[in-house]
Amino acid sequence: SKVGAGARKCLADRGISDASIETFGIGLAPAGWRNLLEYMGRNGFSSRQAVAAGLAKPRSGGAGGDGAYDVFRGRIVFPIRTPGGGIAGFGGRIFGGEEDDNAPKYLNSPDTPVFRKNRILYGLHESKETIRGERTALIVEGYFDVIALHQHGIKTAVASMGTALTSDHVGSLRREGFCETLVFCFDPDAAGEGAARRGGAMLLDTY
């Protein structure tokens, strides 16, 4: 659609292929306060259910009635899947003309009964069979890192979605028997080096 033209250009400029858009289910939350809420309403879901799922927020601290508004607005949206393929949450990136200095560049679903950012790894559903075969997982920082690596044939990449790697993250890889080796590939700056050192120390205790 014309509404999605800016998002498609942003993805193309970053080298994201149409095949990757399809594989990872990348979409768009258009600008506007109630696009998703109105769509959900037409399909039998209430605003309170949208709030409980982390897809909407109530205004002024309310419980989520008609004053609720969409969490994701004017963002490229990445579904975050469980290892089994179910969608547990979403991540969204502001792009192009929608960028706002007062808004975070990246936004994830809040914690819900089915989504805990400190437990789930982005891209594990798409990577799990290759990880099992190679007995190795490559841990990177974000959505675009995972997708770009997959496009270049490195299909063991998963991401911790902007949060510190936790024992729950790596414990899930071990408990499910996905792999024996973890490789960190973080940004080459002080923050990335610190994250790798902390992750390595944590692995010695967990793995």
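Student: At about what angle to β8 does α5 run as it lies across β7 and β8?
Tutor: This is a predicted model, so to speak with filters: local features need pLDDT of at least 70, side-chain atom pairs count only at pLDDT 80 or more, and totals for chains, interfaces and linings use all residues. Residues are numbered from 1 along each chain as its sequence is written, and side-chain values use heavy atoms, with hydrogens and water left out. Helices (DSSP H or I, at least four residues) and strands (E, at least two) are numbered from the N terminus, and angles (0 to 180 degrees) compare N-to-C directions of lines fitted to C-alpha atoms, for helices over the stretch in contact. For α5 against β8, that gives about 135°.

Student: And which helix, touching β7 and β8, makes about 175° with β8?
Tutor: Contact means heavy atoms within 4.5 Å. The helix that packs on the sheet at that angle to β8 covers residues 143–151, and it's α6.

Student: Which strands stand at the edges of the sheet?
Tutor: The open sheet has 3 strands in the order β8-β7-β9, paired in parallel, where pairing takes at least two DSSP bridges. An edge strand has a single partner, so one side of it has no neighbour in the sheet; that fits β8 (157–159) and β9 (181–184).

Student: What is the bridge partner of I139 in β8?
Tutor: β7 (residues 136–140) pairs with β8 over 3 bridges. In β8, I139 is matched with V158.

Student: K128 is buried, so to which side chain of opposite charge is it nearest, and how far away?
Tutor: K128 sits in α5 (residues 124–134) and touches P83, G84 and F178, leaving out residues up to four places away in sequence. Buried means under 20% relative accessible area (1.4 Å probe, protein chains only), and a salt bridge needs a Lys or Arg side-chain nitrogen within 4 Å of an Asp or Glu carboxyl oxygen. K128 has no salt bridge, and its nearest opposite charge (Lys and Arg positive, Asp and Glu negative; His and chain ends not counted) is E129, at 4.8 Å.

Terms used:
Buried < 20%, exposed > 50% of the residue type's maximum accessible area, 1.4 Å probe, protein only.
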